[in-house]
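Please open the model in your viewer and keep the selection tool at hand, since this tour moves from one element to the next.

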Amino acid sequence: MKGKEKFSKLNFSADLPLYITRFQWDMAKYPIKQSLRNIADIISKQVGQIDADLKVKSSAYNSLKGNLQNLEKKQTGSLLTRNLADIVKREHFILDSEYLTTLLVIVPKALVQDWNGHYEKLTDMIVPRSTQCITQDQDFALYTVTLFKKVVDEFKLHAREKKFVVREFTYNEEELAAGKNEITKLVTDKKKQFGPLVRWLKVNFSECFCAWIHVKALRVFVESVLRYGLPVNFQAILIHPHKKSTKRLRDVLNQLYGHLDGSAASSGGSNADTVDIPGLGFGQSEYYPYVYYKLNIDMVESKM
């Protein structure tokens with residue numbers, strides 16, 4: 001293939017048109033002494049393997065990305081759902097007590113006054129003046145309350161009746177540190193996988209694009225033989241007209257090659273009624289007296 005090294009990693013905007021205009025059949029990958037079926041099988045297996053590898057790699061990366069996004073949402077969401085590890089501190093809790101415990105309660109902002117006036121009366125054995133507002137967001141405030149362990153279930157019941165939400169939370173420094181380390185690890189793993197994945201995609205995009213153009217070349221050859229028979233006496237060319245001159249180009253081509261197929265020439269290849277022609281696989285609106293295939297290389301890079 002001419003310029004093979006230059007096009008080993010095709011660029012979306014520049015190299016695709018250049019590769020097509022300088023295209024030559026890759027004898028090393030697809031020996032022309034092989035049968036058409038064998039060549040098609042070689043291309044199919046090559047692209048199929050790339051597709052299988054892509055599914056594995058993208059699944060692993062997307063799983064990692066999804067886990068990280070879920071953890072990040074817990075860091076920034078509502079106080080009802082977000083991770084509290086970065087908010088609470090050791091001094092907010094009564095720890096290592098045989099009888100006492102500290103609960104975290106989510107109070108709607110509209111009920112803050114109600115909480116301050118009634119939390120001590122929700123049940124017996126609540127430590128007076130033990131509540132403390134740790135933080136608040138747009139809708140809720142996070143409070144602590146200290147009480148005897150034996151009345152925790154009763155407190156939760158009465159708190160729920162008052163629309164106060166007790167968060168299930170146990171202060172454990174080792175577990176909190178492990179949670180923070182997990183986010184750091186996921187961020188690091190994502191960065192490690194991103195670079196190699198992008199490089200793999202660039203290389204294998206090139207492979208797939210080159211294979212696709214070879215398939216187009218095969219289709220032109222096969223369709224030409226089916227239409228015009230043997231021995232082979234035709235030439236494949238690439239034309240890139242300006243949009244304004246497309247209709248004129250069609251007219252010129254129909255004048256030159258209309259004699260090859262009268263039915264196609266009379267319709268001009270633009271009949272609005274799409275009639276399938278047996279064996280050709282496309283409608284009358286795409287049928288011309290010459291073999292025609294469109295190459296669309298107007299691709300947009302997606303962000304990951």
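**Starting at the sheet**

Select strand E2 (residues 132–136) together with E3, and you will find the two paired in the antiparallel sense over four bridges; strands here are DSSP runs of E with at least two residues, helices are runs of H or I with at least four, and both are numbered from the N terminus, while two strands count as paired if DSSP finds at least two bridges between them. This is a predicted model, in which local features need pLDDT of at least 70, side-chain atom pairs count only at pLDDT 80 or more, and totals for chains, interfaces and linings use all residues. Residues are numbered from 1 along each chain as its sequence is written, and side-chain values use heavy atoms, with hydrogens and water left out.

Within this pair, Cys133 stands opposite Tyr143 in E3, and a hairpin of three residues links E2 to E3.

Next, select E3 (residues 140–148) alone, where eight of the nine residues are buried, meaning under 20% relative accessible area with a 1.4 Å probe and protein chains only (exposed is over 50%, partly exposed in between). Add strand E1 (residues 100–108), which runs antiparallel to E3 and is joined to it by nine bridges; here Ile106 has Leu142 as its bridge partner.

Now bring in E4, which pairs with E1 in the antiparallel sense over three bridges, with Leu104 opposite Arg167. Together, the four strands form an open sheet in the order E2-E3-E1-E4, whose edge strands, E2 and E4 (165–167), each pair on one side only.
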